[in-house]
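Please open the model in the viewer and keep the selection panel at hand. The tour proceeds by successive selections.

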Amino acid sequence: MIDPIHWVRRFAELIDEHTDELTELDAAIGDADHGSNMQRGTAAVVAALAESAPTTPTEQLKQVGMTLIRTIGGASGPLYGTFFLRCAAAAGETDFDAAGFAKAFRAGLDGIVARGKAESGDKTMFDALAPAADALDERLAAGADLAAALEAAVTAAEAGRDATIPMLARKGRASYLGERSVGHQDPGATSAALLVLAARQAIR
Ligand code: ADP
Ligand code: MG
């Protein structure tokens, strides 16, 4: 099982640990704000949950999504916000079991695509999240438990993140650079891999 609050708190901790790295990556192909954007957003999520945490996963994740949209800004705010709002809509009244988490994660990914229209190879967060969702579904279908499936999802997300290095950016600010975007790891794919790692570390 995964408690959604543990998941987002762990995500916030990982973002804190990687804020400078995310900003440096964004300095190379963007405007050097991805670390501070994510840090501000996830800190606001943790503060809002500490002040008043709703009791159901659906309401908790909805609060997370709304808080991220309100506080991150940039391209990634609405994208991460939509991810959590769609997760919320797919979540139920109890903590995530394996099938419930995979369904919510897939719904969140679909929300990012609906919002940002990214495709595989565009050099975005999609390139880390989509292989993670596929690995999760495949491993669960093969009979793995949630821990093993998320272990595979983390590996897939990190491989997807690393695979953004040679890509030419076709979405977002980095796409303005054209060929000069090649050879740099995408900041959003880097934070997205942390989101998957946070889920694995939040399993009880
Ligand atoms: P901004 O680009 O507005 O400064 P951030 O720096 O916070 O916003 O986020 C940049 C990240 O957003 C990129 O590294 C990329 O992964 C992601 N991104 C940008 N546009 C899209 C899109 N259309 N679909 C998916 N992800 C996107
Ligand atoms: Mg930026």
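**Around the ligand**

Select Gly-116 first: one of its backbone N or O atoms lies 2.9 Å from a nitrogen atom of ligand 1, within the 3.5 Å allowed between N or O atoms in a polar contact. This is a predicted model, in which local features need pLDDT of at least 70 and side-chain atom pairs pLDDT 80 or more, while totals for chains, interfaces and linings use all residues. Residues are numbered from 1 along each chain as its sequence is written, chains are lettered from A and ligands numbered from 1 in the order in which they are written, and side-chain values use heavy atoms, without hydrogens and water.

Next, add Asp-186, where a side-chain N or O atom is 2.5 Å from an oxygen atom of ligand 1. In His-34, a polar side-chain atom lies 2.9 Å from an oxygen atom of ligand 1. The protein covers 93% of the 570 Å² of accessible area that ligand 1 has on its own (Shrake-Rupley method, 1.4 Å probe).

Now select the whole shell: 20 residues surround ligand 1, each with a heavy atom within 4 Å of it. Among the closest are Asp-31, Ala-75 and Ser-76. Which helix supplies the largest share of the shell? Helix 8 does, with three residues; color 187-201 to display this helix (helices are DSSP runs of H or I, at least four residues).

**A salt bridge elsewhere**

Finally, select Arg-10 and Glu-13, which form a salt bridge with the closest N and O atoms 2.5 Å apart (cut-off: a side-chain nitrogen of Lys or Arg within 4 Å of a carboxyl oxygen of Asp or Glu). Because the two are three residues apart in helix 1 (residues 4-29), about one helical turn separates Arg-10 and Glu-13. The structure holds 10 salt bridges.

Technical notes: Polar contact = N/O pair within 3.5 Å; in protein donor to acceptor, adjacent residues only side chain to side chain.
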